[in-house]
Amino acid sequence: MDAIIFTDRKGQELFPLTDETSIALLPLAGKWVLEHTLEALVDAGIREAHVVLSPYAEQVKAAFGNGERWGMSLTYSVTRGEESPAQALEQIQKNLVPPFLALRGDIIRSGELKDFLRKAEKTESAFVQALYGGENAYLTLCLDPLRTDFNSLKWTESRQPVSNQSSIDVEGVVARLDSLKDFYQVNLDAASGELKTFLIPGRQIALGLTQGRNTEAYPQNLKQGIALIGSNCHLHSSVELSGKVVIGDNVIIDRRATIESSVILPHTYIGELVEIRNAIVSGNDLIRVDTGSILKISDTFLLADLKTTTIDNGLGALFNRSAGMLLLLISLPLWPLALILSVLKSPRKPYFRYWLRGNKKELNNFGVPQRSEFSVGEWNVDVPVLRYLPRVLAVVTGDINLIGALPVSLDIASQRIEEWERLADRAPAGLLGPTQLNLPADANDDEKLMSDSFYAANFGFKQDLRYILQAVKSFFSSKAWFK
Amino acid sequence: MTADINAPDIITLKIVSDPKNVSPLGEAINALCLYATNSEVYAHDIQLAVVEALNNVILHAYKSQKGNEIIVKWIQSTGCLNIEIIDYGISMTALPVAALPEIDAEGGRGWWIINACVDEYYYKAVEYVERERVCTPSSSDSDVFHNSLLKSSRNTLTLIKYFQQVA
Amino acid sequence: MILHEQQHNDIDIIELSGRFIMADTPEVRNRLNSLIKEGSGKLIIDLEKVTFIDSSACAVLISAFKNMQIKSGRLVLVTSPVVQSLIELTRLHTIFEIIPTLPRAIEALESNK
């Protein structure tokens, strides 16, 4: 028997998840949404299907190919999206021989398809619509295409009614994925085994904790409840999961982050101490399911989309601190010089201290993790190299990196509101960097911010090495010694 | 269109910037590619990328002015095709982002297509600049350049496609 | 590029064949504009015999689509595999009504489904 799968929803209900992909490719309990429909078909012995696509059709085709991986043979066509199924059927260049199955592939249904087919094949009507647990399952067995009413398959905002005469009800559940909340709930239900016919990928490493291949997670991560973790994930041993948690592939969760009843989409980084509850996290979007609010997090220290940013892609922490140590040793002869010059210039206050925002993280009064302040000194001299000498200590303590953006005070950081201004926050603060090396000390703040944003957008291991070389060169230039 | 074969694996094709010359050149590229890769899909993709690149050169580098030179260099090595599209018009300052415009916008799809059709591409602009430097007795800073004038530039877009070598 | 126009009842049909690229766009654009302006608001652009198409040709199709929308008419495309693949690559299938063959396109416009 053939199947025709309508997967042409435009997906506006699930925005921002469908911002750059089709509903068919949204991850649901470790698999793509459409994959669950394909598996149900294979289970019922249906090996050939034609898929009707609309937005991001090329992505879906690339992901599913000819269907071999699922033991199926797939063909495709495209429409403008959410068209009437009867019209879409007319446009398909494929001769469908009845009986065939017509169904939606961009919703979720869990039930025994075999059961339905067995019962439906016995009837003598032109078509039979399926109800799973009394709900429209968006699935119709068509025996006579000319007399079939395909309207129950049409995607509309509200549920389509099913005519009672030609329907068969079987046990099961239908989720329309018509809101972010529904998408969230189905993910949790699937992970906890409430959708009985679903095949959940991965192996159980502890009671309630299932994980995919190449994933590093620890039984102690799960405090209570159920967690389903995808493949190639890395969870620090101090991460705490509770309630029902679904984590997609390629997710990194850093030290002491806590996640409760949430869905984490693939390619996400969750920073140190971050607390996530009742939310969907997709890249750097934090979607609160209870309030419906969508928060864009621009600080990649908290949340990051690993497809666009890589965390720690500069030089490693150990390297930074040892380089700081080395630099401190080399710079020892300069310290007495700095002291003498400062005392000569301003005998009353040769040395002063103030606070800057560093790279370490701590919880603030509201329990939200943020980058912590550190105290740093400055010699009261005009020679730039000597003036900022005490910052080397901050590199040794790990408050700032060797190479990074210009460290700023919390006050200045909080004034950054615009998206482009916050881009600079993606980069760690550092002793040296393009701003410190290339801009004059008296450049205005906007200019410095622009330079830091540029660094944030481009930083990486190679870039950092280049800046180290540049720093060595500038050390011997006049700019470092004379204002 | 003129062609000259200056090495066994390099074929150079030359046209002047006129939209009507794009078709024969596209067909020539298609034929060369079919010969090299034995794949109609690759031949079509590469032809499409080259045609889009040529359109770009004609419209933007030469501002639709006819009669300017465009050189297409076909360089074939084992399992790899390099196609260089060379012009002497206005250089691009940066590669355009390969993203689709608003769905009903009429232009701006060229780079998206090029990006999809080839495996890699890069753009090189060599600029010839005339620079004037004025030194006066009062100015100590003789390193200051005044009046830079762009004389001409040679822009090369290289498209790269990998393929399975046919025996 | 060969252009061929015909009419089927009140439906305008324009058939293009061969290569449809930048050099051909001024002519096709003009013909389409006048067809849309003077026509009945039902137009089929038959691209089934088009062997090669580029993005500037797509721009002409988009412009025709927009003009037809202003007129509240209906534009249907009949595509060849090459045309279809470029339309899908540029995601234009989400705006164009595409019907696989000319007879079916005529049928669709006649019954106005």
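**Exercise 1. Locate Pro99(A) and describe the peptide bond before it.**

Solution. In this predicted model, Pro99(A) sits in the loop between α3 (85–91) and β6 (100–104) of chain A. Here helices (H or I, at least four residues) and strands (E, at least two) are DSSP runs, numbered from the N terminus. Next, the bond joining Pro98(A) to Pro99(A) is cis, with omega about 0 degrees.

Residues are numbered from 1 along each chain as its sequence is written, and chains are lettered from A and ligands numbered from 1 in the order in which they are written. Local features need pLDDT of at least 70, side-chain atom pairs count only at pLDDT 80 or more, totals for chains, interfaces and linings use all residues, and side-chain values use heavy atoms, with hydrogens and water left out.

**Exercise 2. Determine where Tyr56(A) lies and whether Tyr56(A) is buried or exposed.**

Solution. Begin with position: Tyr56(A) belongs to the loop between β4 (48–53) and α2 (57–64) of chain A. Then take the backbone: phi is positive, about 50 degrees, although Tyr56(A) is not a glycine. Finally, the relative accessible area of Tyr56(A) is 16%, and the residue therefore counts as buried (under 20% relative accessible area; exposed is over 50%, partly exposed in between; 1.4 Å probe, protein chains only).

**Exercise 3. Characterise the interface of chain C and chain A.**

Solution. First, count residues: chain C contributes 15 and chain A 16 to the contact (heavy atoms within 4.5 Å). Second, take the buried area, the accessible area (1.4 Å probe) that two parts lose on being put together, summed over both. This is about 1,200 Å², with 43% from carbon and sulfur atoms. On the chain C side, Glu88(C), Arg91(C) and His93(C) lose the most area to chain A, together 38% of what that side buries.

Third, list the salt bridges (a side-chain nitrogen of Lys or Arg within 4 Å of a carboxyl oxygen of Asp or Glu). The rule finds three across the interface; Glu88(C) and Lys61(A) meet in a salt bridge at 2.3 Å, N to O. α3 (81–89) and β5 (97–98) of chain C each supply at least two residues of the side that touches chain A.

**Exercise 4. Identify the buried residues of α3(C) and the backbone feature that follows α3(C).**

Solution. The buried residues are Val83(C), Gln84(C), Leu86(C), Ile87(C), Glu88(C) and Leu89(C). Just after α3(C), Arg91(C) adopts a positive phi of about 60 degrees.

Conventions. Contact means heavy atoms within 4.5 Å.
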